[in-house]
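Student: Could you take me through one part of this model up close? I'd like to look at the places where its pieces touch.

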Amino acid sequence: MKAARAPRADKTNVKLLVVKDGMIEDSLIERLPDHLRPGDLLVVNDAATMPASLPARDARNNQMELRLTTQLDERVWQAAVFGAGDWRTPTEDRPSPPRFAEGEEIMIAPNFRARVRGEDQLSGRLLNLEFNLSGEELWRNLYRHGKPVQYSYLEDELKLWSVQNVYSSRPWAVEMPSAGHALSWRLLLKLIRKGVQIVPLTHGAGLSSTGDVKIDLALPLAERFEIPPSTMEAVRRTTAGGGRVIAVGTSVVRALESAGMGLSGFTTLKLGPGYERKIVDGLLTGTHDVSESHYQLLRAFLPENVLAQLSQHLERQDYLTHEFGDLCLILV
Amino acid sequence: MFDFNGKSVLITGGSRGLGRALALRFSAEGAKVAMVARRREELDEVVREIRERGGIAFGIVADVGDKESVYPIMGQATALAGPVDVLINNASALGPVPLQLIPDTDCEDFERALQVNTIGPFRLIKAVVGSMVLRQTGVIVNISSDAAVEAYPSWGVYGASKAALDHLTRIAAAEMADAGVRFLSVDPGEMDTLMHAQALPDAAPSSLQSPAAVAEKIVTMIRQSDRIANGSRLIAPEWRPL
(Lines give C-alpha, C1' and ligand atoms only; values in the text may rest on other atoms or scores of the structure.)
Protein backbone atom coordinates (compact mmCIF):
# COMPACT_ATOMS: atom_id res chain seq x y z
CA MET A 1 0.00 0.00 0.00
CA LYS A 2 1.05 3.56 -0.62
CA ALA A 3 1.51 5.84 2.37
CA ALA A 4 -0.56 9.02 2.76
CA ARG A 5 2.32 11.50 2.71
CA ALA A 6 0.65 14.47 4.41
CA PRO A 7 -2.22 15.21 6.80
CA ARG A 8 -5.50 15.18 4.85
CA ALA A 9 -6.83 18.68 4.19
CA ASP A 10 -10.16 17.27 3.01
CA LYS A 11 -11.21 14.47 5.31
CA THR A 12 -14.48 13.81 3.48
CA ASN A 13 -12.73 11.71 0.84
CA VAL A 14 -11.02 9.36 3.29
CA LYS A 15 -11.94 5.86 2.14
CA LEU A 16 -13.51 3.33 4.45
CA LEU A 17 -13.40 -0.40 3.83
CA VAL A 18 -16.22 -2.07 5.72
CA VAL A 19 -15.75 -5.73 6.69
CA LYS A 20 -18.90 -7.35 7.97
CA ASP A 21 -19.86 -11.02 8.17
CA GLY A 22 -16.88 -11.90 6.01
CA MET A 23 -18.05 -9.52 3.25
CA ILE A 24 -16.08 -6.49 2.06
CA GLU A 25 -17.62 -3.19 0.94
CA ASP A 26 -15.94 0.02 -0.27
CA SER A 27 -17.31 3.12 1.45
CA LEU A 28 -16.23 6.54 2.71
CA ILE A 29 -15.71 7.81 6.26
CA GLU A 30 -18.53 10.28 5.53
CA ARG A 31 -20.88 7.33 5.32
CA LEU A 32 -19.87 5.93 8.72
CA PRO A 33 -23.34 6.76 10.16
CA ASP A 34 -24.88 4.43 7.54
CA HIS A 35 -22.84 1.53 8.87
CA LEU A 36 -23.73 2.04 12.54
CA ARG A 37 -27.03 1.58 14.35
CA PRO A 38 -28.80 3.48 17.12
CA GLY A 39 -27.70 1.79 20.34
CA ASP A 40 -24.13 1.21 19.12
CA LEU A 41 -21.32 2.64 21.22
CA LEU A 42 -18.23 4.25 19.74
CA VAL A 43 -15.31 4.41 22.16
CA VAL A 44 -12.53 6.86 21.28
CA ASN A 45 -9.06 7.46 22.69
CA ASP A 46 -8.97 11.11 23.79
CA ALA A 47 -5.21 11.18 24.44
CA ALA A 48 -3.59 14.20 22.84
CA THR A 49 -0.28 13.64 21.12
CA MET A 50 2.65 15.10 23.02
CA PRO A 51 5.92 16.39 21.52
CA ALA A 52 7.70 13.12 22.36
CA SER A 53 10.76 13.63 20.16
CA LEU A 54 13.60 15.48 21.87
CA PRO A 55 16.96 16.40 20.34
CA ALA A 56 19.77 15.57 22.75
CA ARG A 57 23.52 15.01 23.13
CA ASP A 58 25.78 13.20 25.56
CA ALA A 59 28.88 14.49 27.38
CA ARG A 60 31.07 13.56 24.36
CA ASN A 61 28.75 15.66 22.16
CA ASN A 62 27.27 12.66 20.33
CA GLN A 63 23.99 13.89 18.80
CA MET A 64 20.89 11.76 19.28
CA GLU A 65 17.11 11.81 19.35
CA LEU A 66 15.08 10.65 22.32
CA ARG A 67 11.58 9.38 21.68
CA LEU A 68 9.68 9.16 24.93
CA THR A 69 7.50 6.08 25.18
CA THR A 70 5.80 6.33 28.54
CA GLN A 71 5.95 8.14 31.87
CA LEU A 72 6.87 5.75 34.68
CA ASP A 73 7.16 8.13 37.60
CA GLU A 74 7.12 11.87 38.38
CA ARG A 75 10.56 12.39 36.75
CA VAL A 76 11.19 8.99 35.13
CA TRP A 77 10.29 8.18 31.53
CA GLN A 78 11.08 5.27 29.28
CA ALA A 79 12.59 6.43 25.99
CA ALA A 80 13.87 4.88 22.77
CA VAL A 81 17.14 6.45 21.61
CA PHE A 82 18.13 7.04 17.99
CA GLY A 83 21.59 7.98 16.73
CA ALA A 84 22.49 11.06 14.71
CA GLY A 85 20.33 12.04 11.74
CA ASP A 86 16.74 13.10 11.47
CA TRP A 87 13.27 11.82 10.72
CA ARG A 88 13.82 11.77 6.96
CA THR A 89 15.82 8.58 7.40
CA PRO A 90 13.61 5.51 8.01
CA THR A 91 13.99 4.35 11.61
CA GLU A 92 15.53 1.01 10.54
CA ASP A 93 18.33 2.89 8.73
CA ARG A 94 19.10 5.30 11.58
CA PRO A 95 22.53 4.71 13.16
CA SER A 96 22.58 3.26 16.65
CA PRO A 97 23.20 5.66 19.50
CA PRO A 98 26.27 5.20 21.71
CA ARG A 99 25.93 2.76 24.63
CA PHE A 100 25.14 4.47 27.88
CA ALA A 101 26.50 3.83 31.32
CA GLU A 102 24.18 3.88 34.31
CA GLY A 103 24.09 7.42 35.71
CA GLU A 104 25.35 9.03 32.50
CA GLU A 105 23.87 12.43 31.73
CA ILE A 106 22.10 13.32 28.49
CA MET A 107 21.54 16.99 27.73
CA ILE A 108 18.48 18.37 25.93
CA ALA A 109 19.06 22.03 26.83
CA PRO A 110 21.38 23.67 29.39
CA ASN A 111 18.67 23.57 32.06
CA PHE A 112 16.96 20.39 30.85
CA ARG A 113 18.82 17.13 31.34
CA ALA A 114 18.19 13.44 31.96
CA ARG A 115 20.22 10.80 33.77
CA VAL A 116 20.29 7.18 32.52
CA ARG A 117 18.70 4.97 35.16
CA GLY A 118 19.07 1.68 33.30
CA GLU A 119 18.62 -0.15 30.03
CA ASP A 120 15.62 -2.30 29.27
CA GLN A 121 16.47 -5.98 28.89
CA LEU A 122 15.01 -5.84 25.35
CA SER A 123 17.62 -3.47 23.97
CA GLY A 124 20.32 -1.00 24.92
CA ARG A 125 18.35 1.59 22.95
CA LEU A 126 15.44 1.46 25.35
CA LEU A 127 16.32 3.44 28.46
CA ASN A 128 14.79 4.60 31.68
CA LEU A 129 15.62 8.29 32.02
CA GLU A 130 15.30 10.47 35.07
CA PHE A 131 14.81 14.14 34.19
CA ASN A 132 16.21 16.95 36.34
CA LEU A 133 12.76 18.60 36.20
CA SER A 134 9.26 17.58 37.21
CA GLY A 135 5.71 18.93 37.17
CA GLU A 136 5.10 22.19 35.33
CA GLU A 137 8.82 22.77 34.66
CA LEU A 138 9.11 19.39 32.97
CA TRP A 139 6.01 19.92 30.82
CA ARG A 140 7.07 23.48 29.98
CA ASN A 141 10.41 22.19 28.70
CA LEU A 142 8.92 19.21 26.87
CA TYR A 143 6.71 21.58 24.91
CA ARG A 144 9.54 24.05 24.42
CA HIS A 145 12.16 21.60 23.10
CA GLY A 146 10.12 18.65 21.84
CA LYS A 147 8.43 17.98 18.53
CA PRO A 148 5.90 15.38 17.57
CA VAL A 149 7.40 12.07 16.43
CA GLN A 150 7.93 12.34 12.66
CA TYR A 151 7.61 9.76 9.89
CA SER A 152 10.12 9.30 7.08
CA TYR A 153 7.42 8.82 4.43
CA LEU A 154 5.94 12.31 4.97
CA GLU A 155 6.58 15.25 2.67
CA ASP A 156 6.99 17.80 5.46
CA GLU A 157 7.66 17.96 9.15
CA LEU A 158 4.48 17.56 11.22
CA LYS A 159 3.30 20.35 13.44
CA LEU A 160 1.77 19.61 16.81
CA TRP A 161 -1.70 20.59 15.58
CA SER A 162 -1.53 18.04 12.75
CA VAL A 163 -1.33 15.13 15.15
CA GLN A 164 -4.33 15.91 17.37
CA ASN A 165 -7.80 14.44 17.07
CA VAL A 166 -10.84 16.71 17.37
CA TYR A 167 -11.58 15.42 20.86
CA SER A 168 -8.05 15.18 22.25
CA SER A 169 -7.39 16.18 25.84
CA ARG A 170 -4.48 15.04 28.04
CA PRO A 171 -1.12 14.56 26.26
CA TRP A 172 -0.59 10.88 27.03
CA ALA A 173 0.07 9.58 23.51
CA VAL A 174 3.58 9.69 22.09
CA GLU A 175 2.22 9.00 18.62
CA MET A 176 -1.20 10.05 17.34
CA PRO A 177 -4.06 7.64 18.01
CA SER A 178 -4.54 7.85 14.25
CA ALA A 179 -7.79 5.95 13.68
CA GLY A 180 -9.57 9.11 14.82
CA HIS A 181 -7.78 11.50 12.47
CA ALA A 182 -10.59 11.51 9.89
CA LEU A 183 -13.38 12.15 12.38
CA SER A 184 -14.87 15.65 12.35
CA TRP A 185 -17.44 17.10 14.71
CA ARG A 186 -19.88 17.32 11.80
CA LEU A 187 -19.63 13.53 11.54
CA LEU A 188 -19.59 12.87 15.29
CA LEU A 189 -22.66 15.05 15.94
CA LYS A 190 -24.45 13.24 13.11
CA LEU A 191 -23.67 9.93 14.82
CA ILE A 192 -24.83 11.24 18.22
CA ARG A 193 -28.07 12.53 16.69
CA LYS A 194 -28.61 9.13 15.11
CA GLY A 195 -28.44 7.51 18.55
CA VAL A 196 -24.87 6.26 18.49
CA GLN A 197 -23.28 7.10 21.83
CA ILE A 198 -19.66 8.29 21.80
CA VAL A 199 -17.56 7.96 24.95
CA PRO A 200 -13.88 8.50 25.74
CA LEU A 201 -11.05 6.70 27.43
CA THR A 202 -7.43 7.81 27.61
CA HIS A 203 -4.72 5.48 26.39
CA GLY A 204 -1.09 6.53 26.09
CA ALA A 205 -0.48 5.12 22.63
CA GLY A 206 3.21 4.26 22.30
CA LEU A 207 5.75 4.17 19.49
CA SER A 208 4.70 2.39 16.29
CA SER A 209 8.22 1.51 15.19
CA THR A 210 11.78 2.05 16.39
CA GLY A 211 13.82 0.31 13.72
CA ASP A 212 15.32 -1.95 16.42
CA VAL A 213 14.14 -5.48 15.58
CA LYS A 214 14.04 -6.65 19.19
CA ILE A 215 11.99 -3.69 20.33
CA ASP A 216 9.70 -3.74 17.30
CA LEU A 217 8.88 -7.41 17.79
CA ALA A 218 7.89 -6.63 21.37
CA LEU A 219 5.55 -3.73 20.44
CA PRO A 220 3.28 -2.53 21.85
CA LEU A 221 5.27 -1.92 25.04
CA ALA A 222 3.54 -1.30 28.36
CA GLU A 223 1.09 1.59 27.96
CA ARG A 224 -0.72 3.75 30.47
CA PHE A 225 -4.52 3.93 30.30
CA GLU A 226 -7.52 5.24 32.19
CA ILE A 227 -11.17 4.45 31.57
CA PRO A 228 -13.79 6.70 33.20
CA PRO A 229 -16.43 4.74 35.17
CA SER A 230 -19.10 6.37 32.93
CA THR A 231 -17.46 4.76 29.87
CA MET A 232 -17.41 1.30 31.46
CA GLU A 233 -21.05 1.82 32.43
CA ALA A 234 -21.90 2.76 28.82
CA VAL A 235 -20.12 -0.42 27.66
CA ARG A 236 -22.19 -2.54 30.05
CA ARG A 237 -25.45 -0.86 29.04
CA THR A 238 -24.67 -1.21 25.33
CA THR A 239 -23.84 -4.90 25.58
CA ALA A 240 -26.90 -5.56 27.73
CA GLY A 241 -29.09 -3.69 25.23
CA GLY A 242 -27.83 -5.64 22.22
CA GLY A 243 -25.74 -2.78 20.82
CA ARG A 244 -22.20 -3.13 19.56
CA VAL A 245 -19.11 -1.76 21.30
CA ILE A 246 -16.93 -0.31 18.56
CA ALA A 247 -13.37 0.78 19.31
CA VAL A 248 -11.85 3.68 17.40
CA GLY A 249 -8.28 2.48 17.10
CA THR A 250 -6.29 -0.48 18.35
CA SER A 251 -5.32 1.45 21.49
CA VAL A 252 -9.00 1.47 22.54
CA VAL A 253 -9.24 -2.30 22.01
CA ARG A 254 -6.17 -2.76 24.17
CA ALA A 255 -7.54 -0.54 26.95
CA LEU A 256 -11.05 -2.03 26.98
CA GLU A 257 -9.91 -5.64 26.83
CA SER A 258 -7.33 -4.92 29.54
CA ALA A 259 -10.08 -3.50 31.75
CA GLY A 260 -12.13 -6.61 30.98
CA MET A 261 -9.28 -8.66 32.44
CA GLY A 262 -9.24 -6.54 35.57
CA LEU A 263 -6.13 -4.50 34.69
CA SER A 264 -5.89 -0.81 35.45
CA GLY A 265 -3.26 1.90 35.14
CA PHE A 266 -0.82 0.13 32.79
CA THR A 267 -1.29 -2.69 30.35
CA THR A 268 1.07 -5.19 28.75
CA LEU A 269 -1.78 -7.13 27.14
CA LYS A 270 -1.05 -8.29 23.60
CA LEU A 271 -3.90 -9.25 21.33
CA GLY A 272 -3.49 -11.60 18.42
CA PRO A 273 -4.73 -14.81 16.86
CA GLY A 274 -6.72 -16.96 19.26
CA TYR A 275 -7.45 -14.08 21.63
CA GLU A 276 -11.09 -14.18 22.64
CA ARG A 277 -12.47 -10.66 22.86
CA LYS A 278 -14.57 -10.08 25.94
CA ILE A 279 -15.76 -6.52 25.34
CA VAL A 280 -15.13 -5.12 21.86
CA ASP A 281 -17.43 -6.04 18.95
CA GLY A 282 -16.03 -3.84 16.23
CA LEU A 283 -13.06 -1.73 15.27
CA LEU A 284 -12.47 1.41 13.23
CA THR A 285 -8.79 1.31 12.36
CA GLY A 286 -6.18 2.34 9.84
CA THR A 287 -5.15 0.14 6.94
CA HIS A 288 -2.28 -1.87 8.36
CA ASP A 289 0.47 -3.78 6.58
CA VAL A 290 1.19 -7.36 7.60
CA SER A 291 4.54 -6.26 9.08
CA GLU A 292 2.98 -3.88 11.63
CA SER A 293 2.22 -4.74 15.25
CA HIS A 294 -1.32 -3.38 14.72
CA TYR A 295 -1.92 -6.12 12.16
CA GLN A 296 -1.42 -8.75 14.87
CA LEU A 297 -4.31 -7.25 16.76
CA LEU A 298 -6.58 -7.59 13.71
CA ARG A 299 -6.06 -11.35 14.05
CA ALA A 300 -8.19 -11.14 17.19
CA PHE A 301 -11.06 -9.96 14.97
CA LEU A 302 -10.77 -11.77 11.65
CA PRO A 303 -9.67 -15.20 10.44
CA GLU A 304 -6.55 -15.41 8.28
CA ASN A 305 -8.44 -15.95 5.00
CA VAL A 306 -10.55 -12.81 5.47
CA LEU A 307 -7.51 -10.80 6.53
CA ALA A 308 -5.67 -11.93 3.40
CA GLN A 309 -8.65 -10.96 1.26
CA LEU A 310 -8.82 -7.59 3.00
CA SER A 311 -5.10 -6.92 2.41
CA GLN A 312 -5.39 -7.77 -1.30
CA HIS A 313 -8.44 -5.53 -1.69
CA LEU A 314 -6.74 -2.57 0.03
CA GLU A 315 -3.75 -2.98 -2.28
CA ARG A 316 -5.77 -3.37 -5.48
CA GLN A 317 -8.12 -0.46 -4.75
CA ASP A 318 -5.26 1.93 -3.93
CA TYR A 319 -6.17 2.51 -0.32
CA LEU A 320 -3.61 4.70 1.45
CA THR A 321 -1.87 3.55 4.61
CA HIS A 322 -0.13 4.88 7.75
CA GLU A 323 -1.09 7.71 10.10
CA PHE A 324 -3.06 9.86 7.65
CA GLY A 325 -4.27 7.02 5.44
CA ASP A 326 -7.64 5.41 4.76
CA LEU A 327 -9.62 3.39 7.27
CA CYS A 328 -11.26 0.01 7.84
CA LEU A 329 -14.40 -0.69 9.82
CA ILE A 330 -14.45 -4.25 11.08
CA LEU A 331 -17.78 -5.45 12.44
CA VAL A 332 -17.97 -9.00 13.73
CA MET B 1 -25.10 23.42 39.51
CA PHE B 2 -21.37 23.22 39.08
CA ASP B 3 -19.20 22.11 41.98
CA PHE B 4 -15.69 23.39 41.28
CA ASN B 5 -13.90 21.16 43.74
CA GLY B 6 -11.28 19.18 41.80
CA LYS B 7 -12.35 20.69 38.47
CA SER B 8 -9.78 21.85 35.94
CA VAL B 9 -10.04 25.54 35.02
CA LEU B 10 -7.97 27.17 32.29
CA ILE B 11 -7.72 30.98 32.39
CA THR B 12 -5.89 33.05 29.81
CA GLY B 13 -4.45 36.39 30.85
CA GLY B 14 -4.21 34.91 34.34
CA SER B 15 -1.46 37.02 35.84
CA ARG B 16 -3.26 40.35 36.14
CA GLY B 17 -6.60 42.07 36.67
CA LEU B 18 -9.71 39.98 36.17
CA GLY B 19 -7.75 36.84 35.18
CA ARG B 20 -5.77 36.91 38.41
CA ALA B 21 -8.93 37.52 40.46
CA LEU B 22 -10.68 34.61 38.74
CA ALA B 23 -7.70 32.33 39.39
CA LEU B 24 -7.75 33.24 43.11
CA ARG B 25 -11.52 32.77 43.30
CA PHE B 26 -11.58 29.38 41.51
CA SER B 27 -8.69 28.02 43.54
CA ALA B 28 -10.50 29.09 46.73
CA GLU B 29 -13.41 26.95 45.45
CA GLY B 30 -11.09 23.93 45.25
CA ALA B 31 -10.49 24.00 41.49
CA LYS B 32 -7.13 23.16 39.88
CA VAL B 33 -6.27 26.32 38.00
CA ALA B 34 -3.99 26.57 34.97
CA MET B 35 -3.16 30.16 34.07
CA VAL B 36 -1.69 31.45 30.85
CA ALA B 37 0.30 34.67 30.59
CA ARG B 38 3.21 36.01 28.62
CA ARG B 39 5.24 37.32 31.55
CA ARG B 40 6.73 34.58 33.68
CA GLU B 41 7.52 36.69 36.77
CA GLU B 42 3.95 37.95 37.22
CA LEU B 43 2.57 34.49 36.56
CA ASP B 44 4.91 32.87 39.08
CA GLU B 45 3.75 35.38 41.67
CA VAL B 46 0.07 34.47 41.27
CA VAL B 47 0.89 30.75 41.29
CA ARG B 48 2.89 31.27 44.51
CA GLU B 49 0.06 33.28 46.08
CA ILE B 50 -2.48 30.53 45.34
CA ARG B 51 -0.19 27.77 46.61
CA GLU B 52 0.49 29.69 49.80
CA ARG B 53 -3.25 29.71 50.40
CA GLY B 54 -3.35 25.95 49.93
CA GLY B 55 -4.74 26.04 46.39
CA ILE B 56 -3.62 24.16 43.28
CA ALA B 57 -2.29 26.33 40.46
CA PHE B 58 -0.01 25.99 37.44
CA GLY B 59 1.54 28.68 35.29
CA ILE B 60 1.87 28.39 31.51
CA VAL B 61 4.05 30.97 29.81
CA ALA B 62 2.54 31.54 26.35
CA ASP B 63 1.05 34.10 24.01
CA VAL B 64 -2.54 33.21 23.10
CA GLY B 65 -2.17 35.29 19.94
CA ASP B 66 0.42 32.84 18.60
CA LYS B 67 -0.88 29.79 16.72
CA GLU B 68 2.12 27.72 17.84
CA SER B 69 1.04 28.19 21.48
CA VAL B 70 -2.35 26.48 21.37
CA TYR B 71 -1.39 22.83 21.87
CA PRO B 72 1.48 23.64 24.24
CA ILE B 73 -1.11 25.50 26.36
CA MET B 74 -3.61 22.66 26.12
CA GLY B 75 -1.00 19.97 26.73
CA GLN B 76 0.49 21.63 29.80
CA ALA B 77 -2.91 22.54 31.25
CA THR B 78 -4.41 19.06 30.85
CA ALA B 79 -1.25 17.17 31.83
CA LEU B 80 -1.09 19.14 35.08
CA ALA B 81 -4.71 19.93 35.95
CA GLY B 82 -6.66 17.28 33.98
CA PRO B 83 -9.16 17.60 31.12
CA VAL B 84 -10.45 21.19 31.00
CA ASP B 85 -13.86 21.67 32.64
CA VAL B 86 -13.95 25.48 32.43
CA LEU B 87 -12.16 27.62 29.85
CA ILE B 88 -12.07 31.37 30.37
CA ASN B 89 -10.81 33.34 27.40
CA ASN B 90 -9.84 36.45 29.31
CA ALA B 91 -6.56 37.59 27.72
CA SER B 92 -7.11 40.74 25.69
CA ALA B 93 -5.09 43.19 23.63
CA LEU B 94 -6.33 46.79 23.57
CA GLY B 95 -4.69 47.65 20.29
CA PRO B 96 -2.60 50.78 19.96
CA VAL B 97 -2.34 52.82 23.17
CA PRO B 98 -3.29 55.65 23.33
CA LEU B 99 -6.37 54.46 21.50
CA GLN B 100 -6.58 55.52 17.85
CA LEU B 101 -9.32 56.40 15.39
CA ILE B 102 -9.80 53.70 12.76
CA PRO B 103 -8.09 55.62 9.91
CA ASP B 104 -5.08 56.25 12.17
CA THR B 105 -4.75 52.58 13.15
CA ASP B 106 -2.01 50.44 11.65
CA CYS B 107 -3.20 47.23 9.99
CA GLU B 108 -0.71 45.27 12.11
CA ASP B 109 -2.25 46.62 15.32
CA PHE B 110 -5.69 45.43 14.23
CA GLU B 111 -4.31 42.04 13.22
CA ARG B 112 -2.59 41.64 16.57
CA ALA B 113 -5.81 42.51 18.49
CA LEU B 114 -7.76 39.99 16.40
CA GLN B 115 -5.15 37.31 17.07
CA VAL B 116 -5.36 37.80 20.83
CA ASN B 117 -9.03 38.72 21.28
CA THR B 118 -10.77 36.61 18.64
CA ILE B 119 -8.60 34.00 16.91
CA GLY B 120 -6.76 32.89 20.08
CA PRO B 121 -10.08 32.18 21.86
CA PHE B 122 -11.34 30.43 18.69
CA ARG B 123 -8.29 28.15 18.69
CA LEU B 124 -8.62 27.33 22.38
CA ILE B 125 -12.35 26.65 22.03
CA LYS B 126 -11.55 24.31 19.14
CA ALA B 127 -8.93 22.55 21.26
CA VAL B 128 -11.09 22.01 24.40
CA VAL B 129 -14.67 21.66 23.19
CA GLY B 130 -14.38 18.14 21.75
CA SER B 131 -13.26 16.62 25.03
CA MET B 132 -16.02 18.56 26.83
CA VAL B 133 -18.68 17.13 24.50
CA LEU B 134 -17.43 13.58 25.06
CA ARG B 135 -17.44 14.06 28.81
CA GLN B 136 -20.81 15.87 28.63
CA THR B 137 -19.56 18.67 30.81
CA GLY B 138 -17.89 22.00 30.26
CA VAL B 139 -18.34 25.74 30.35
CA ILE B 140 -16.59 28.18 28.04
CA VAL B 141 -16.65 31.87 29.00
CA ASN B 142 -15.41 34.54 26.65
CA ILE B 143 -14.68 37.88 28.29
CA SER B 144 -16.18 40.65 26.20
CA SER B 145 -16.69 44.38 26.64
CA ASP B 146 -19.37 47.02 26.19
CA ALA B 147 -17.14 48.27 23.36
CA ALA B 148 -18.39 45.19 21.46
CA VAL B 149 -21.85 46.75 21.40
CA GLU B 150 -21.38 50.52 21.73
CA ALA B 151 -19.62 52.45 18.95
CA TYR B 152 -17.13 54.38 21.10
CA PRO B 153 -14.83 56.48 18.91
CA SER B 154 -11.23 55.18 18.99
CA TRP B 155 -12.27 51.73 20.27
CA GLY B 156 -12.56 50.28 16.74
CA VAL B 157 -9.86 47.62 16.99
CA TYR B 158 -10.82 46.38 20.43
CA GLY B 159 -14.59 46.76 19.92
CA ALA B 160 -14.66 44.95 16.56
CA SER B 161 -12.54 42.07 17.86
CA LYS B 162 -14.79 41.67 20.92
CA ALA B 163 -17.98 41.91 18.81
CA ALA B 164 -16.60 39.07 16.68
CA LEU B 165 -15.89 37.09 19.86
CA ASP B 166 -19.48 37.62 21.06
CA HIS B 167 -20.84 36.31 17.79
CA LEU B 168 -18.43 33.38 17.80
CA THR B 169 -19.82 32.51 21.25
CA ARG B 170 -23.42 32.61 19.98
CA ILE B 171 -22.68 30.49 16.92
CA ALA B 172 -20.64 27.92 18.86
CA ALA B 173 -23.56 27.61 21.31
CA ALA B 174 -26.00 27.11 18.42
CA GLU B 175 -23.80 24.46 16.82
CA MET B 176 -23.32 22.58 20.08
CA ALA B 177 -26.82 23.28 21.45
CA ASP B 178 -27.53 19.66 22.36
CA ALA B 179 -23.97 18.58 23.05
CA GLY B 180 -23.62 19.30 26.77
CA VAL B 181 -21.29 22.34 26.66
CA ARG B 182 -22.29 25.83 27.86
CA PHE B 183 -21.00 29.00 26.21
CA LEU B 184 -21.25 32.45 27.77
CA SER B 185 -19.97 35.82 26.77
CA VAL B 186 -19.50 38.19 29.68
CA ASP B 187 -19.09 41.96 29.64
CA PRO B 188 -17.35 42.47 33.00
CA GLY B 189 -18.03 46.22 33.10
CA GLU B 190 -15.44 48.80 34.03
CA MET B 191 -12.84 47.52 36.47
CA ASP B 192 -9.89 48.94 38.32
CA THR B 193 -7.24 47.19 36.22
CA LEU B 194 -4.02 48.10 34.47
CA MET B 195 -5.72 47.64 31.10
CA HIS B 196 -8.47 50.08 32.04
CA ALA B 197 -5.88 52.61 33.18
CA GLN B 198 -4.06 52.26 29.85
CA ALA B 199 -7.27 52.83 27.90
CA LEU B 200 -8.78 55.58 30.07
CA PRO B 201 -6.01 57.09 32.22
CA ASP B 202 -8.29 59.81 33.63
CA ALA B 203 -10.94 57.49 35.13
CA ALA B 204 -11.16 57.66 38.93
CA PRO B 205 -10.36 54.20 40.38
CA SER B 206 -13.04 54.68 43.04
CA SER B 207 -15.72 54.73 40.32
CA LEU B 208 -14.63 51.29 39.10
CA GLN B 209 -15.52 47.78 40.25
CA SER B 210 -12.84 45.63 41.85
CA PRO B 211 -11.76 42.62 39.74
CA ALA B 212 -12.44 40.39 42.77
CA ALA B 213 -16.10 41.42 42.87
CA VAL B 214 -16.51 40.77 39.14
CA ALA B 215 -14.70 37.41 39.45
CA GLU B 216 -17.11 36.42 42.21
CA LYS B 217 -20.02 37.16 39.91
CA ILE B 218 -18.54 35.26 36.95
CA VAL B 219 -17.96 32.22 39.13
CA THR B 220 -21.64 32.36 40.12
CA MET B 221 -22.67 32.68 36.44
CA ILE B 222 -20.69 29.56 35.62
CA ARG B 223 -22.14 27.71 38.59
CA GLN B 224 -25.62 28.58 37.32
CA SER B 225 -24.81 28.21 33.63
CA ASP B 226 -27.15 25.25 33.12
CA ARG B 227 -30.01 27.64 33.86
CA ILE B 228 -28.79 30.42 31.56
CA ALA B 229 -29.64 30.32 27.83
CA ASN B 230 -26.67 28.85 25.99
CA GLY B 231 -24.68 31.50 24.11
CA SER B 232 -25.98 34.36 26.29
CA ARG B 233 -24.19 37.65 26.58
CA LEU B 234 -24.25 38.74 30.22
CA ILE B 235 -23.38 42.15 31.62
CA ALA B 236 -21.75 41.61 34.99
CA PRO B 237 -22.73 44.88 36.76
CA GLU B 238 -26.40 44.33 35.83
CA TRP B 239 -26.58 40.56 36.30
CA ARG B 240 -28.18 39.14 39.43
CA PRO B 241 -27.74 35.53 40.56
CA LEU B 242 -30.72 33.33 39.67
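Tutor: Sure! Let's settle one term before we start: two residues count as in contact if their C-beta atoms, placed from the backbone, lie within 7 Å. Also keep in mind that what you're looking at is a predicted model.

Now for the place where the two chains meet. Here, 18 residues of chain B are in contact with 23 residues of chain A. Which elements of chain B give two or more residues to that side? They are strand S3 (56-61), helix H3 (70-81) and helix H4 (107-135) of chain B. Of these, H3(B) gives the most, with nine residues. And what kinds of residues does chain B put there? The side of chain B that touches chain A has 11 nonpolar residues, six polar ones and one charged one.

There's another meeting place, and this one sits inside chain A. The domain assignment of chain A gives domain 1 (2-49 + 156-331) and domain 2 (53-145). Going by C-alpha atoms, the centres of those two domains are 29 Å apart. Where they touch, 15 residues come from domain 1 of chain A and 14 residues from domain 2 of chain A.

Let's stay on the domain 1 side of that contact. Helix H4 (213-218) and strand S12 (223-226) of chain A each supply at least two residues to it. The largest share comes from H4(A), with three residues. By kind, the residues on this side of domain 1 of chain A divide into six nonpolar, five polar and four charged.

How values were computed. Residues numbered from 1 in each chain as written. Chains lettered and ligands numbered in written order. Predicted model: local features only at pLDDT ≥ 70, side-chain atom pairs only at ≥ 80, totals over all residues. Helix = DSSP H or I, 4+ residues; strand = E, 2+ residues; numbered from the N terminus. Nonpolar A, V, L, I, M, F, W, Y, C, P; charged D, E, K, R; others polar. Domains from an automatic or database assignment.
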